[in-house]
2 protein chains.
Amino acid sequence: MPAIPDTSPCCPPLVDEALTDETAATLARGFKALGDPVRLRLLSLIASRAGDEVCVCELTDAFTLTGPTISHHLKVLREAGLIDCQRRGTWVYYWIVPARLAALSQLLDVSGATATARP
Amino acid sequence: MPAIPDTSPCCPPLVDEALTDETAATLARGFKALGDPVRLRLLSLIASRAGDEVCVCELTDAFTLTGPTISHHLKVLREAGLIDCQRRGTWVYYWIVPARLAALSQLLDVSGATATARP
DNA sequence: CGTCTAGTTTGACAACTGTCTAAACAGAGT
DNA sequence: ACTCTGTTTAGACAGTTGTCAAACTAGACG
């Protein structure tokens with residue numbers, strides 16, 4: 001499956017405007033990648049480095065899963081455009097792609113909504 | 001599967017703090033529910049009503065899928081705590097649960113992060 | 001070159017998911 | 001009570017997913 005390109009959609013919040021078919025498909029891939037506890041924890045481990053990178057070996061150590069499984073999950077996150085990586089020497093380093101996380105965050109943002117509370 | 005209770009976790013953004021195992025599991029259920037194009041469009045159709053409710057019949061009309069399939073997706077969204085519903089007479093009305101959407105949105109929020117841009 | 005370590009890819013398999021048809025359920029109105 | 005409409009549930013089936021073990025690739029270092 002091809003990775004999501006840099007031209008991924010940046011949408012107004014859900015509460016403001018209904019999604020088109022195509023846009024929904026792209027965004028859903030992002031959320032789908034987040035829809036696994038292991039991947040969510042991986043992303044949080046990477047993201048909480050605040051701009052720095054994390055070596056795969058550190059990530060693997062944080063789980064009781066095998067190396068290949070971690071590698072698989074990292075690939076899913078990468079193909080969803082949420083993280084990126086680079087090999088330097090023996091080790092591979094991962095970091096988050098803030099713009100993509102922001103796009104998904106904004107979509108779910110209801111803070112500016114005119115929605116009225118329900119009893 | 002039991003629906004996610006009202007005491008669902010409300011977390012600081014990913015960039016600030018790594019997730020615990022248990023919290024990740026609950027949050028992942030929310031994202032998993034969003035990880036399907038049909039469900040994302042359903043949610044957007046409901047949410048863009050801005051506090052009002054939507055009848056299932058309207059939702060069904062917006063897709064080429066069968067009624068049972070739409071009903072299934074609505075159930076997934078409901079069990080993830082993202083929407084709620086009520087039957088009034090013949091029709092069933094759905095609305096979003098803003099607090100739950102906000103929690104997921106905040107988790108992905110990187111706007112206040114101290115992350116440095118990468119070259 | 002040979003080998004060691006870090007990571008990824010491949011292949012297999014059980015479990016889960018999205019979709020459908022058929023059946024069941026809930027009210028409204030005869 | 002019967003029926004008609006709107007919605008959900010049950011069951012079935014193809015396709016997808018998460019996991020592991022085994023094989024492979026990339027670079028470092030003798």
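**Figure 1. Glu58(A) and its salt-bridge partner in the predicted model.** In this predicted model, Glu58(A) is partly exposed, with a relative accessible area of 39%. Its carboxylate is engaged by Arg49(A) in a salt bridge in which the closest N and O atoms are 2.6 Å apart. Arg49(A) likewise counts as partly exposed, because its relative accessibility of 32% falls between the limits of 20% and 50%. This pair belongs to chain A, and a search of the whole structure finds six salt bridges over all chains.

**Figure 2. The salt bridge between Arg88(B) and Glu53(B).** In chain B, Arg88(B) forms a salt bridge with Glu53(B), and the closest N and O atoms of the two residues are 2.6 Å apart. The pair links distant parts of the chain, since Arg88(B) lies in strand β2 (residues 83–88) and Glu53(B) in the loop between α2 (37–47) and β1 (54–55), 35 residues apart. The two partners are set in unlike surroundings: Arg88(B) is partly exposed, with a relative accessible area of 37%, whereas Glu53(B), at 13% relative accessibility, counts as buried.

**Figure 3. Salt bridges across the boundary between chain A and chain B.** Two salt bridges are counted between chain A and chain B. In one of them the side chains of Arg41(A) and Asp21(B) meet, with an N to O distance of 3.6 Å; Arg41(A) lies in helix α2 of chain A and Asp21(B) in helix α1 (residues 21–34) of chain B, so the pair joins two chains. Arg41(A) counts as buried because its relative accessibility, 16%, is under 20%. In another salt bridge, the side chains of Asp21(A) and Arg41(B) meet with an N to O distance of 3.7 Å.

**Figure 4. The interface of chain A with chain B.** Here 44 residues of chain A are in contact with 44 residues of chain B, and the area buried between the two chains is about 3400 Å², of which carbon and sulfur atoms give 70%. Three residue pairs in polar contact, both members at pLDDT 80 or more, are counted between the chains. On the side of chain A that touches chain B, the elements giving two or more residues are α1 (21–34), α2 (37–47), β3 (91–96) and α5 (98–108), and the largest share, eight residues, comes from α1(A). The residues of this side of chain A divide into 26 nonpolar, eight polar and ten charged.

**Figure 5. The protein surface near DNA strand D.** Of the 24 residues around DNA strand D, those that come nearest are Lys32(A), Thr69(A), His73(A), Ser71(B) and Tyr94(B). Both chains contribute to this surface, with at least two residues each supplied by α4 (67–79) of chain A and by α3 (56–61), α4 (67–79) and β3 (91–96) of chain B. The residues of the surface divide into nine nonpolar, nine polar and six charged.

**Figure 6. Contacts with the phosphates of DNA strand D.** Of the atoms of DNA strand D within 4 Å of the protein, 77% belong to sugar or phosphate, and the rest belong to bases. A polar side-chain atom of Thr69(A) lies 2.8 Å from a phosphate oxygen of this strand, and an N or O atom in the side chain of Ser71(B) is 2.9 Å from a phosphate oxygen. Cys57(B) approaches through its backbone, with an N or O atom 3.2 Å from a phosphate oxygen of DNA strand D.

Notes: Residues are numbered from 1 along each chain as its sequence is written. Chains are lettered from A and ligands numbered from 1 in the order in which they are written. Side-chain values use heavy atoms; hydrogens and water are left out. A residue is near a molecule or strand if one of its heavy atoms lies within 4 Å of it. A polar contact is a pair of N or O atoms within 3.5 Å; within protein, one must be able to donate a hydrogen and the other to accept it, and residues adjacent in sequence count only if both atoms are side-chain atoms. Helices (H or I, at least four residues) and strands (E, at least two) are DSSP runs, numbered from the N terminus. Ala, Val, Leu, Ile, Met, Phe, Trp, Tyr, Cys and Pro count as nonpolar, Asp, Glu, Lys and Arg as charged, and the others, Gly among them, as polar. Contact means heavy atoms within 4.5 Å. Buried area is the accessible area (1.4 Å probe) that two parts lose on being put together, summed over both. A salt bridge is a side-chain nitrogen of Lys or Arg within 4 Å of a carboxyl oxygen of Asp or Glu. Buried means under 20% relative accessible area, exposed over 50%, partly exposed in between (1.4 Å probe, protein chains only).
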